[in-house]
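Here are a few notes from going through this one. Have the sequence and the structure open while you read.

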Amino acid sequence: MSKTNAADPGTVRTGRSSPAVRLFHCCLAGVLLFLIGCTIHKVEPGQEPSRSAPSPASLSPQAYKERGYDFFKKGRFPDAISNWAEASRLYENEGNLEEQCELLIKLSQAYEGMGEYTKALEGLDRALLLTETLGNRDRTALVLGSIGNVYIVLGPEEQAYRYLNDGLNMARDLGNAAVSAAILNNLGNLFATQRKYAKAISAYADSATAAKAAGNREMSAIALTNEATALVHEARYKEAKDTLDRALQETALLAPSHYKAYTLINIALGFRSIGPHLGESGKELSGLSWKTLEEAASVCASTSDYRGISYALGYLGRLREDERRYEDALQITERAIFAAERADAPESLYQWEWQKGRLLASAGKTDEAISAYRRASSALESIRQEMSNCYGRPRSSFREPAGPLYMEYVD
């Protein structure tokens, strides 16, 4: 949970400077944070990613590239892929290997955002060959780290560690703090999936330090939020709270984007999870969590990111459920369901239909609750295979998320 992808699972905010700056100030794909889960976006064979995808050969390769950055920033991964693929093709025709290599890396990050890890790896393998041909060691370090990140999902874990470690050593030798920060974050993700939380905490802390040195606030915020999540697993709740406060300060300075919103959501969920463990001082965290989720929803609305809106609203509904304000919770949850349907996001939809079922059951509306549980079960079954390849969560079977849902449904 989440998730990616990803600073950005790709380059969330990279469309505003030179290609070199974009490359080395990006975060590797797949740093979607643990609490959200997977992002799954299926495109059927032969189906266009969206109506806004450009027609072939109607723009320059640079224009396609910039459009791809804009779509990626908004979390519109199919549109980003459509534009970047065309830009890559045109640069290849021109013999511009530097630009082609960068676009292959960007494409892999967008595929990771969609949960298409095999396609991401195919592009990265091609990019690695190009970086070696060009002799660009900074970019080679980035690609090695990106490949390792994909292997966190695809396995084996030993392969993931080898690529991440090779990329990190190269980036450190080159003094490239931005790439080091991204790889350290993903190394932390690998340790967390293995439940080696002490090692994860150390890697995330090093990532945040390197990101600060590189001037990359987005990567710093992501690493700090991940560090706080690992600290919670170690029952170090006061340290987790202090780390989340630092992450929130970093995030407040970022421009609106898909990944700013997701970082805010995860910060909010972190506050929610540690509040009960901090006694009197933790009581204010529910309100802070609410405020942070509202900000995330606003960011998502500004970028038309309906998947992000569904998560922000869904967790707002859960906060109201925590407070036993079931009517308010139900209204907010229904809005989350609408957003998830609009985004075609079954990994989000099943959670909010499930939540709706709980709320209806608590109100004694058994028949309506059964219908909601049935819809939740159907949405979850539709992504059974993809759930086995979720990035950023410890290895588990499909039964882990499905079991409680089905038990409640049977009850």
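How many disulfides does the count come to? Keep in mind that this is a predicted model.

1. Cysteines. The count comes to 0 disulfides. As a reminder, a disulfide is a covalent bond between the sulfur atoms of two cysteines. Two of the cysteines to click on are Cys101 and Cys300: Cys101 counts as buried because its relative accessibility is 0%, and Cys300 is buried too, with a relative accessible area of 1%.

2. Asp305. Cys300 leads on to Asp305, as the two are in contact. Asp305 sits in the loop between helix H13 (285-302) and helix H14 (306-322). Leaving aside neighbours within four places in sequence, its contacts are Lys74, His258, Tyr262 and Cys300. This is the residue I'd look at twice: Asp305 is buried but has no salt bridge. Arg307 is the nearest side chain of opposite charge, and it is 5.8 Å away. What Asp305 does have is a polar side-chain atom 3.0 Å from the backbone nitrogen of Gly308.

3. Arg320. Here is another charged residue to check, this time in helix H14. Is Arg320 buried or exposed? With a relative accessibility of 13%, it falls under the 20% cut-off, so Arg320 counts as buried. Apart from neighbours within four places in sequence, Arg320 touches Trp290, Arg325, Asp328, Ala329 and Ile332. Take Trp290 from that list: it is 30 residues from Arg320 along the chain, and their C-alpha atoms are separated by 9.3 Å.

4. The cores. The largest nonpolar core has 91 residues. Which of its members touch the most others? They are Val143, Ile147, Met219, Ile265, Leu293 and Tyr315. Another core lies apart from it, with 16 residues, including Tyr64, Ile81, Leu90 and Met114. Back at Val143, the contacts beyond four places in sequence are with Ile105, Leu124, Ala127, Leu128 and Thr131.

5. Ala178. One last stop is helix H8 (residues 177-193), where Ala178 is placed. Ala178 counts as buried because its relative accessible area is 6%. Its C-alpha is 8.1 Å from that of Gly215, with the two positions 37 residues apart in sequence terms.

Terms used:
Residues numbered from 1 in each chain as written. Predicted model: local features only at pLDDT ≥ 70, side-chain atom pairs only at ≥ 80, totals over all residues. Heavy atoms only, no water. Helix = DSSP H or I, 4+ residues; strand = E, 2+ residues; numbered from the N terminus. Buried < 20%, exposed > 50% of the residue type's maximum accessible area, 1.4 Å probe, protein only. Lys, Arg positive; Asp, Glu negative; His and termini not counted. Salt bridge = Lys/Arg side-chain N within 4 Å of Asp/Glu carboxyl O. Polar contact = N/O pair within 3.5 Å; in protein donor to acceptor, adjacent residues only side chain to side chain. Contact = heavy atoms within 4.5 Å. Core = buried A, V, L, I, M, F, W, Y, C linked by side-chain atoms within 4.5 Å. Disulfide = S-S within 2.5 Å.
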